[in-house]
Amino acid sequence: ALAQAGDDVVAAVLAATWSSAFAAKNATDMMAEAGLLPRRNHVIIMDEMHRALRASPLMVDRLDLLTRLNRQWGVGQIMITHTFADLLCLDTQAQNNKARGFVERSKIKVLGALPRTEIKRYLRGESGLPISVREVDWLQCIRQSDEGRMT
């Protein structure tokens, strides 16, 4: 129902959903402290991040805080966006740097269905992500395979 809504509306719904997920996590923590439930860690899925980030500079700060305190809170998060470039198109360079930090602090990154332009961006180091020699070899192999099919 929100597919055609503006980023501000989607961001409000996402923020409410994420807040609800954290409220449920906090309630579970309180029940565990009371001995009513076992202590658990939680994973919160944060899809369509780019829409939330574009809606308000406050979202960058809020998500930045989350990525720095998540282990302390016993929370893991899966942050989903379409491309790394979505994290670099915010209003200021400071906001872009904060958003880039989300990826830099992530121990696990899953990159899937990358277009050739995105693969080239990674190979040129434009994403700001550290990339291993093995990953470079793998991405170059995919790029060459793709280019071979296109000709």
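**Note on strand β1 and the two largest pockets**

1. Helix α6, which spans residues 133-150, contributes three residues to the lining of the second largest pocket, and this is the greatest contribution any element makes there. The structure discussed here is a predicted model, and the points below should be read with that in mind.

2. The second largest pocket encloses about 290 Å³ of space. Its lining is made up of K109, V110, L111, L114, Y122, L129, P130, I131, E135, W138 and L139. Sorted by class, this lining holds nine nonpolar and two charged residues, with no polar residue among them.

3. The largest pocket, for its part, has a volume of about 920 Å³. It is lined by 31 residues, and those lying nearest its centre are M79, S106, I108, K109 and V110. K109 and V110 are also named in the lining of the second largest pocket.

4. As to where the lining of the largest pocket comes from, at least two residues are supplied by each of α3 (57-73), β2 (75-79), α4 (93-105) and α5 (116-123). Strand β2 gives the most, with five residues. By class, the lining of the largest pocket divides into 16 nonpolar, nine polar and six charged residues.

5. Strand β2 is also the pairing partner of β1: the two strands run parallel and are joined by five bridges. One of the residues concerned is I45, whose bridge partner in β2 is I78.

6. Which residues of β1 are buried, and which are not? The side chains of H42, I44 and M46 point to one face and are buried, whereas those of V43 and I45 point to the other face and are not buried. This follows the general pattern, since in a regular strand the side chains alternate between the two faces of the sheet.

7. V43 deserves a separate comment. It sits in strand β1, which covers residues 42-46, and its relative accessible area is 57%, so V43 counts as exposed, the cut-off for that class being over 50%. When neighbours within four places in sequence are left aside, V43 is in contact with G76 and I78. I78 is thus named twice in this note, as a contact of V43 and as the bridge partner of I45.

8. Finally, a word on V43 and E126. These residues are 83 residues apart in sequence, and their C-alpha atoms are 29 Å apart in space.

Technical notes:
Residues are numbered from 1 along each chain as its sequence is written. This is a predicted model: local features need pLDDT of at least 70, side-chain atom pairs count only at pLDDT 80 or more; totals for chains, interfaces and linings use all residues. Side-chain values use heavy atoms; hydrogens and water are left out. Helices (H or I, at least four residues) and strands (E, at least two) are DSSP runs, numbered from the N terminus. Buried means under 20% relative accessible area, exposed over 50%, partly exposed in between (1.4 Å probe, protein chains only). Contact means heavy atoms within 4.5 Å. On a 1 Å grid over the protein atoms alone, a cavity is a set of points where a 1.4 Å probe fits but cannot get out, and a pocket is an open set with protein on both sides within 12 Å along at least five of seven lines; lining residues have an atom within 4 Å of a point. Grid points are joined across faces, edges and corners, and a volume is the space filled by probe spheres set on the points. Ala, Val, Leu, Ile, Met, Phe, Trp, Tyr, Cys and Pro count as nonpolar, Asp, Glu, Lys and Arg as charged, and the others, Gly among them, as polar. Two strands pair if DSSP finds at least two bridges between them.
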